[in-house]
Amino acid sequence: MTQNSKPLVMDFTFTSFFQSTTTTTAAIATVLLFAAVLVLVNLLFVNKRRLWKSSSTMVVKRTLLGTMGWPFIGETLDFVSCGYTDRPQSFIDKRRLLYGKVFKSHLFGSPMIISTDAEVSKIVLQSDANSFVPSYPKSLTELLGESSILRINGCLHRRIHGLIGSFLKSPYLKAQVTCDMRKLVLKAMNTWKEDRPVYIQDETKHIAFQVLAKALIGLDPGEDMEFLKVHFQNFIAGLMSLPIKLPGTQLHRSLQAKKKMVKLILNIIADKRTHNVAISQDAKDVADVLLNDKNEKLTDELISDNMIDLMIPGEDSVPLLITLAIKYLSDCPKALHQLKEENMELKRRKKDLGCVTCWDDYMSSLPFTQNVITETLRLGNIIMGVIRKAMKDVEIKGYLIPKGWCVLTHFRSIHLDDNHHESPHQFNPWRWQNRDMSNCSNTYFTPFGGGLRLCPGLDLARLEASIFLHHFVSEFRWVAEDDTIINFPTVRMKNRMPIWVKRDNYSG
Ligand code: HEM
């Protein structure tokens, strides 16, 4: 091979181009050109791969459509007035048609992104406090203690949530609640008369409050219970009031009521400490659980404050769940018949065995009753959604949520979306047949929220509803008076759900 001999490929490629140049120049030029070609090919190839890669993971940026309404009040008036009608969904449905599943608005003094998209809502709920924190109306924030479980974030929140959640799910508490609830339900039912209506919403509120106060601070019916109940009603009257604290305002009255309740609970805690209940390992109520914790941040003030704040999500929701179930059952004789059969069957079985119904029977041996409860949660939307505030710019599914904006994850829209639930406005407990809803949450069904703030009282709510329904349907027949569901500011029955009852001799 001569000096001119070059690798064949190169020779073949560049010979004609270099034929008039000297050998050295040609060699240098050849190397340079070859390098350039390599770089070019490389650049093209790598970039193309990058392009392919980015297009496969690329999220389309989406613009948030919507209107911000009037200065300051935004679209709040529209939202609220729709809430009072029998079509509370219309505010959102109208905008969803115009702007898509996620849109912007301005509600309750804040720019707000409304999500009716199950995946977007799920990501928001599952985000930690670096991205989103809960946001409440100013009056509510004023009434909640600074260390309220509803307000705190991060480690302390996780700790308190975990402690409370595991106690509320414990077999000990479920057994105690079953026993208390049974006694209270039977006591209330014994006072019912056939010649006057029974107001189901009031009856269930009275019972559920006592069960809750016992579970939280170990309080038994009596003077202190009545004191707590009266002041709690004054306290919650201010949750949605004007955020002005001057004497004479509702907010001021509510704060005074809270002070009185805190004083009572501090006395109970002091009593527990004196009697060493707190040091014992067998916590009998939530206050014991928090007193037992070695974390020095859990002061007596923090605990007593939290006991009251814990009553807020727990007090109204369970009675409403039971009341709505009875409303829907009154309108659906087929479901009522099946529910009655199932509960009579359990009653007979227990009678034959000579034992009382325990919490596990209510949770596991009454599948249709649980389906009725699940369906009531879906259709009733006791909590229509929750609001979170973005702590930084967050991008979800291509939507940019700017720092400082709020997101309303609207559960009701998802629960009533016919893409996720067939004939969504129909009460159909059979739709839950053969579906495991024990964790009470999937992407399209979130009555108890999700993520770090998933309701710790969800088992308790199901258990209480199940016990009430068991005694109610197995001992009574009833006729419901006409009543309507109000959806704003909270879900409730306009006339407190009056029914006329008759003791049933039905034996199945
Ligand atoms: C039908 C009954 C109930 C429903 C529909 C319900 C619904 C909810 C929802 C949606 C949340 C999430 C709030 C958020 O993400 O900001 C929540 C939180 C909470 N619920 Fe329930 N709840 C019910 C019963 C109860 C009961 C009986 C208790 C007992 C004390 C309870 C205690 C709590 C607490 C403490 C939180 C706050 C959790 C946290 O922020 O870490 N709830 N509930």
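In the predicted model, Glu481 has a relative accessibility of 35% and therefore counts as partly exposed, since that class lies between the buried limit of under 20% and the exposed limit of over 50%. Glu481 is placed in the loop between strand S10 (476-480) and strand S11 (485-486). When residues up to four places away in sequence are not counted, Glu481 touches Pro197, Pro498, Ile499 and Trp500. One of these, Trp500, is 19 residues from Glu481 in sequence, and the C-alpha atoms of Glu481 and Trp500 are 7.7 Å apart in space.

The chain as a whole has 508 residues, of which 48% are buried. Its secondary structure comprises 19 helices and 13 strands. Among the contacts in the chain with a separation of 6 or more, 71% are between residues 24 or more positions apart.

Strand S11 also borders a second loop, which runs to strand S12 (492-493) and holds Pro489. The peptide bond that joins Phe488 and Pro489 is cis, with omega at about -5 degrees. Most peptide bonds are trans, and most residues other than glycine have a negative phi. Two residues in the loop between helix H18 (411-415) and helix H19 (458-475) depart from the latter pattern. Ser423 is not a glycine, yet its phi is positive, at about 40 degrees. Asn434, also not a glycine, has a positive phi of about 60 degrees. The accessibility classes of these residues are as follows. Ser423 has 39% relative accessibility and so counts as partly exposed, whereas Asn434, with a relative accessible area of 82%, is exposed.

The loop between H18 and H19 also contains Cys455. The SG atom of Cys455 is the single donor from the protein to the iron atom of the ligand, at 2.3 Å.

The second largest pocket has a volume of about 400 Å³. Its lining consists of 19 residues, and those closest to the pocket centre are Asp86, Pro88, Leu379, His425 and Asn487. Helix H14 (317-330) and helix H17 (367-380) are the elements that give two or more residues to this lining. By class, seven of the lining residues are nonpolar, six are polar and six are charged.

Of these two helices, H14 was examined further. H14 is mostly covered, with 13 of its 14 residues buried. The end C-alpha atoms of H14 are 20 Å apart, which agrees with the span of 20 Å expected for 14 residues at 1.5 Å a residue.

Helix H4 covers residues 90-99, and its buried residues are Ser90, Phe91, Ile92, Arg95 and Arg96. The elements that cover these buried residues include helix H3 (76-83) and H18, together with strands S2 (102-107), S3 (110-115) and S9 (406-410). H4 is followed by Gly100, which has a positive phi near 100 degrees.

Two further positions were considered for their surroundings. Ser131 lies in the loop between helix H5 (118-126) and strand S4 (132-134). With 12% relative accessibility, Ser131 is under the 20% limit and therefore counts as buried. Leaving aside neighbours within four places in sequence, the residues in contact with Ser131 are Lys389, Ala390, Met391, Lys392 and Val394.

Leu184 belongs to helix H8, which spans residues 171-190. Its relative accessibility is 13%, so Leu184 counts as buried. Not counting residues up to four places away in sequence, Leu184 touches Ile207, Gln210 and Val211. Leu184 and Thr204 are separated by 20 residues in sequence, and the distance between their C-alpha atoms is 9.9 Å.

Methods
Residues are numbered from 1 along each chain as its sequence is written. This is a predicted model: local features need pLDDT of at least 70, side-chain atom pairs count only at pLDDT 80 or more; totals for chains, interfaces and linings use all residues. Side-chain values use heavy atoms; hydrogens and water are left out. Helices (H or I, at least four residues) and strands (E, at least two) are DSSP runs, numbered from the N terminus. Buried means under 20% relative accessible area, exposed over 50%, partly exposed in between (1.4 Å probe, protein chains only). Contact means heavy atoms within 4.5 Å. Donors are N, O and S atoms within 2.8 Å of the metal (3.2 Å for Na, K and Ca); water is not among the atoms, so sites may look incomplete. On a 1 Å grid over the protein atoms alone, a cavity is a set of points where a 1.4 Å probe fits but cannot get out, and a pocket is an open set with protein on both sides within 12 Å along at least five of seven lines; lining residues have an atom within 4 Å of a point. Grid points are joined across faces, edges and corners, and a volume is the space filled by probe spheres set on the points. Ala, Val, Leu, Ile, Met, Phe, Trp, Tyr, Cys and Pro count as nonpolar, Asp, Glu, Lys and Arg as charged, and the others, Gly among them, as polar. The expected span of a helix is 1.5 Å times one less than its number of residues.
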